[in-house]
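This report looks at surface patches, a buried helix face and charged side-chain pairs in one protein chain. The sequence and the structure come first, and the description follows.

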Amino acid sequence: METNEVVMSGLQLKKLLSRKVEPIMLDCDLRPVELDILVFLYSEKNIDTAKGISRKKHLSKAHVSKSIDNLHSGGFVELTEDKDDHRIVHISLTEKSGKVIDKVAKVYEECRETMLKGISEEELDILKKVITKMNENINHELGE
């Protein structure tokens with residue numbers, strides 16, 4: 001498999017996911033980065049600050065902060081000042097965001113089923129091992 005084939009597979013999956021979550025974003029008046037932040041906060045229990053999100057997602061802190069402000073004003077997240085350091089603001093999901101995340105999880109599962117149709121458990125195990133090795137190689141090269 002050529003490098004561009006691997007990249008194209010990822011891009012095709014991203015295109016499928018984007019198409020499937022678009023109605024959710026329109027219904028909830030969310031931009032892609034805002035939806036991405038909600039899903040990230042749900043899945044990454046140990047990271048709950050704009051700084052942490054920007055580092056992990058490789059987004060500018062200003063972009064993340066603006067998105068968090070929009071999410072807060074829309075009632076999707078709550079902001080709480082850190083008890084030890086008032087400069088740090090912790091972000092938590094609200095019940096409203098939980099409903100959105102439930103819808104997104106269903107879309108992700110549908111896309112997963114589409115992507116893995118006709119692939120055996122053995123093939124999937126091999127794929128997982130290969131992807132893990134590829135990511136390790138890339139992270140090593142990037143110094144991460």
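Helix H6 supplies the largest share of the nonpolar surface patch, namely 5 residues, in what is a predicted model. The patch covers about 440 Å² and is built from Val6, Ile126, Leu127, Val130, Ile131 and Met134. Methionine 134, which sits in helix H6, has a relative accessibility of 32% and therefore counts as partly exposed. As a general point, an α-helix has 3.6 residues a turn, so residues three or four places apart point the same way.

A patch of another character, negative in charge, is formed by Glu121, Glu122, Glu123 and Asp125. Glutamate 122 belongs to helix H6, which runs over residues 121–142, and with a relative accessibility of 59% this glutamate counts as exposed.

Turning to the interior, helix H3 (residues 50–57) has Ala50, Gly52, Ile53 and Ser54 as its buried residues. These buried residues pack against helix H2 (32–43), helix H4 (61–73) and strand S2 (89–93). Just after H3, histidine 58 adopts a positive phi of about 60 degrees.

Side chains of opposite charge can pair when their charged atoms come close. The structure holds 4 salt bridges, among them the three listed here.

| Acidic residue | Basic residue | N to O distance |
|---|---|---|
| Aspartate 27 | Lysine 103 | 3.6 Å |
| Glutamate 34 | Arginine 31 | 3.0 Å |
| Aspartate 85 | Arginine 87 | 2.9 Å |

In the salt bridge between aspartate 27 and lysine 103, the aspartate lies in helix H1 (residues 3–28) and the lysine in helix H5 (residues 95–116), so the pair ties together parts that are 76 residues apart in sequence. Aspartate 27 is exposed, at 57% relative accessible area, whereas lysine 103 is partly exposed, at 39%.

In the pair of arginine 31 and glutamate 34, the arginine is partly exposed with a relative accessible area of 34%, while glutamate 34 is buried, its value being 4%. Aspartate 85, at 19% relative accessibility, also counts as buried, since the cut-off for that class is under 20%; its partner arginine 87, at 66%, counts as exposed.

Glutamate 81 lies in strand S1 (residues 77–81) and is exposed, with a relative accessible area of 54%. Leaving aside residues up to four places away in sequence, glutamate 81 touches His86, Ile88 and Val89. Between glutamate 81 and isoleucine 91, which are 10 residues apart in sequence, the C-alpha to C-alpha distance is 9.0 Å.

How values were computed:
Residues numbered from 1 in each chain as written. Predicted model: local features only at pLDDT ≥ 70, side-chain atom pairs only at ≥ 80, totals over all residues. Heavy atoms only, no water. Patch = residues over 30% accessible without salt bridge, like charges linked within 9 Å, V, L, I, M, F, W, Y side chains within 5 Å. Areas by Shrake-Rupley, 256 points an atom, 1.4 Å probe, with all protein chains shown as cover. Salt bridge = Lys/Arg side-chain N within 4 Å of Asp/Glu carboxyl O. Lys, Arg positive; Asp, Glu negative; His and termini not counted. Charge placed at Lys NZ, Arg CZ, Asp CG, Glu CD. Helix = DSSP H or I, 4+ residues; strand = E, 2+ residues; numbered from the N terminus. Buried < 20%, exposed > 50% of the residue type's maximum accessible area, 1.4 Å probe, protein only. Contact = heavy atoms within 4.5 Å.
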